[in-house]
Amino acid sequence: MGVHSQFIRRKGILYGSKARLENVLTLLRRVAPLFALSLLACAGRAPAPQPPTATPGPDAPTAMQPPAFVPLGADGGSGSQAWHPGSPRNQIREAIFTGAWTAVRDKHFDKTLGGLDWDGLRRKYQPLALAAPDEPTFYRLLNEMLGLLGQSHLQVHGPGEEPGPPPDEIASPQARTAAADAIREAGDDYGDPGLLVRIIEGKPTITRVRPGSSAAGAGLRPGFLVTHIGGRALASLPPSGRALRPVEERFRLRQLAARRLAGPVGSRVSLRCLDENDRPIEVMLERDPPPARAIQVLNMSPVVPEVASRQSGEVGILAFNVFLLQPVLGEVQKAIDGFRARGAKAIIIDLRGNPGGIGAMVIPLAARLSTAPLTLGTIVYRDFSNTLATTASLGIKPFAGRVVILTDEGSASTSEIFAAGLQEAKRAFVVGDTTAGAALGSIIEGLPGGAVVQIPVADFRTPKGMTIEGRGVQPDHRVWETRAGFLAGRDVVLDAGLDLAKASHPQ
Amino acid sequence: MIAVLLSLLAAAPAEGPTPLRPAQAILDDYANAVGGLQAWKRLRSVHLKRALTVTGQGASGNEEHWATADGKTRSESTLRDVGTFRQGSDGRVFWSQDPVFGLRKLEGAEQEDSRINAAWNAEPDLASLYLAIRSVPVPNQTAAEAGTDLECVELQKKLGKPSVLCFDAKTHLRVVQTGVQPSPGGDIPYRLVFGDWRSVKGIKTWYLEKMTAGPTTVEGRITSLVFDEKIPASRFNMPKP
């Protein structure tokens, strides 16, 4: 048979073989990892430092890694350099602006962009941004334009975006060197003093202090009210392109505090606060090294992933600070398997302060917690949809006991997708505070000049068709945290979670 | 006068879509362009390596793939800090293993796709691969982006939606492939673009391909291509749970 023999006509149907010859070389197998990548759902920047609970177990969570971007050298944020239209730096600005504008136009999941005149907004904002007197203003204007879409996961970050170090911040020799360099790939040089600041009863409040940290050594305790970090008042947020919901304001202030506290290891930052008797105190805190090496996945900010698990009687308690397929998923799965093997009757999954990460991780995590197929919701892309549903994996023994998920205003994105999906399926109770309401699938793309743009490429709907974006996950059991509670050394949300986990008839 | 006008109209060429060449003819030309069936029949196995880059998103990795002429196949794609995604078949069982869905035996449309991807060059398997093939017009988006004249063939699988392969009308080499990949969560549209054709051991194959699925594009570039390597049968066994 000759070369044409590969085509056989049987019963009038033509069978072709040529495509088959190259089948072994095609990349169709690779769709699965692409799917995983395109589910990057992570709100904002790297998570704030989160010291362990007041009564830590042997595996209590420790500090996390701050954002990666640092101000450029002496002229990064001062605005002392004039901006000429044809200057190299202005050309970079133009490339950043155009890159971000085009990426949103071409990749945003909503082709109509909410009905906005995207071309008109470019005509308005581009000249303003290019003429900005300094980098922080350039990025503020660019993000103001993006903010008109009124969505999370939509922002541009880049070198020089943040103002320079405050005047009263003392840099170590190592810090001065680190600040002058470009962003370090792994963020190893970034640390924090070991405290978490959140908005409690309307005021910035220390809610956790890491044992053995610089903050602990300075005598700071949960319940102290923070007024200034690095010489700057913490009461208000930088201008936003739109009105923020109260939970968004709390989320952003939490992130702002974390960014100000973070910095090169060994450098110092001032902190002014009110102690338990409302007496003002001021301390100079040194930034401690991170507990482990930071990793950078895709274009996300470097993060120190942490998984902490312990068992309290028949209740397993599992906390992790970011959703990553590597290395977090394996450790989480191992922890759940351990709880099951040791006869735990309930598992508490602590997602407080977890801003999200790789959205695809919700599938294997939910599969570990359900003996029956579970649908968590639908990811709606620009041109197609995909259902987040567990499948029966060989060799997996799911945990069948009660599941309680702890949330707060810092639980965002993938944390919300996970909590909402299990809550609607009545597989888990949610305890704590309303989540951030920032649940969109996104990608982070590089732009010229070291900048990046995060673009929402997918919407998320729960199995009942609800959106979490702009609403958040409403807890089954709302817990009101108070300053008095923190001063008393209590973790009222965890306490409520434990009560529910142990209750014979939870409601 | 009217007769003159009518004769002028009659002399003008009739306009309409260019007739499509038969699918068989398009595939015949492709077969010749890549070396012909006999060149492939001389080969018994392939082991290739690719470097992977997720365009614009700061991710990279590699892929390694093995396949034999009797229908065994295994591929492993690893993306740094994301994980390893495996798929394979020992000729009977089609399986998949990845961090998201774990270890599974493939069924339905997923199994059908995997079976097609695992097929090598066995004449007796012709009938089992596709239900039907036909010539189709070049999709508008493909024509606009290709920058060259194309001819397209639609492949209808037994299960799942068809895919469309488009070939350069002059070189007859594959240029673009579009289709839908089944997954546990539903169908995922994809687009493959092929380039950097090279000759190896008497056959021609592409060294560069770009796959786009949703908002993400992965570029794969062959870094090593070895034919007729001895591959142990155990390589294709399904991993243990």
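Which strands of chain A does helix H13 lie across, and at about what angle to E19(A) does this helix run? In this predicted model, helix H13 (residues 492-502) of chain A lies across E13, E14, E15, strand E19 (402-407), strand E20 (429-432) and E23 of chain A, and its direction is at about 165° to that of E19(A).

## The sheet of chain A and its helices

The strands just named belong to an open sheet of 6 strands in chain A, whose order is E13-E14-E15-E19-E20-E23 and whose pairing is mixed. Strand E13 (307-312) and strand E23 (477-478) of chain A each have a single partner strand and stand at the edges, so one side of each is left without a neighbour in the sheet. The pairing of E13(A) with strand E14 (residues 315-320) of chain A is antiparallel and is made by 6 bridges, and within E14(A) it is A:Val315 that stands opposite A:Ser312.

Helix H9 (residues 325-341) of chain A also lies across part of this sheet, namely E13, E14 and strand E15 (346-350) of chain A, and runs at about 175° to E14(A).

## Backbone features in chain A

Most residues other than glycine have a negative phi, and most peptide bonds are trans. Against that background, two places in chain A deserve attention. The peptide bond that leads from A:Gln326 to A:Pro327 is cis, with omega near 0°, and A:Pro327 is placed in helix H9 of chain A, the helix that lies across E13, E14 and E15 of chain A.

A:His153, although it is not a glycine, has a positive phi of about 55°. This residue is found in the loop between helix H5 (135-147) and strand E4 (155-157) of chain A.

## The second largest pocket

The second largest pocket holds about 830 Å³ of space, and 25 residues line it, with A:Asp383, B:Gln141, B:Arg191, B:Thr212 and B:Gly214 lying nearest its centre. Two or more lining residues come from each of helix H3 (88-107) of chain A and, in chain B, helix H6 (140-146), strand E10 (174-181), strand E11 (188-200) and strand E12 (203-213).

Of these elements, E11(B) gives the most to the lining, with 4 residues. Taken by class, the lining is made up of 9 nonpolar, 8 polar and 8 charged residues.

## Confidence of the prediction

The model as a whole scores ipTM 0.85 and pTM 0.84. For chain B the mean pLDDT is 85, with 90% of residues reaching 70 or more; over residues 1-12 of chain B, however, the pLDDT is below 50, and this stretch has 0 contacts in the model beyond near neighbours in sequence. Residues 122-127 of chain B also stay under 50 in pLDDT, but for them the model has 18 contacts beyond four places in sequence.

For chain A the mean pLDDT is 81, and 77% of its residues reach 70 or more. The pLDDT is below 50 over residues 1-25 of chain A, a stretch that has 91 contacts in the model beyond near neighbours in sequence. It likewise stays under 50 over residues 44-82 of chain A, where the model has 133 contacts beyond four places in sequence.

Key:
Residues numbered from 1 in each chain as written. Chains lettered and ligands numbered in written order. Predicted model: local features only at pLDDT ≥ 70, side-chain atom pairs only at ≥ 80, totals over all residues. Heavy atoms only, no water. pLDDT = per-residue confidence, 0-100. Contact = heavy atoms within 4.5 Å. 1 Å grid on protein atoms, 1.4 Å probe; cavity = no way out; pocket = protein on both sides within 12 Å on 5 of 7 lines; lining within 4 Å. Points joined across faces, edges and corners; volume = space filled by probe spheres on them. Nonpolar A, V, L, I, M, F, W, Y, C, P; charged D, E, K, R; others polar. Pairing = 2+ DSSP bridges. Axes fitted to C-alpha atoms, helices over the stretch in contact; angles between N-to-C directions.
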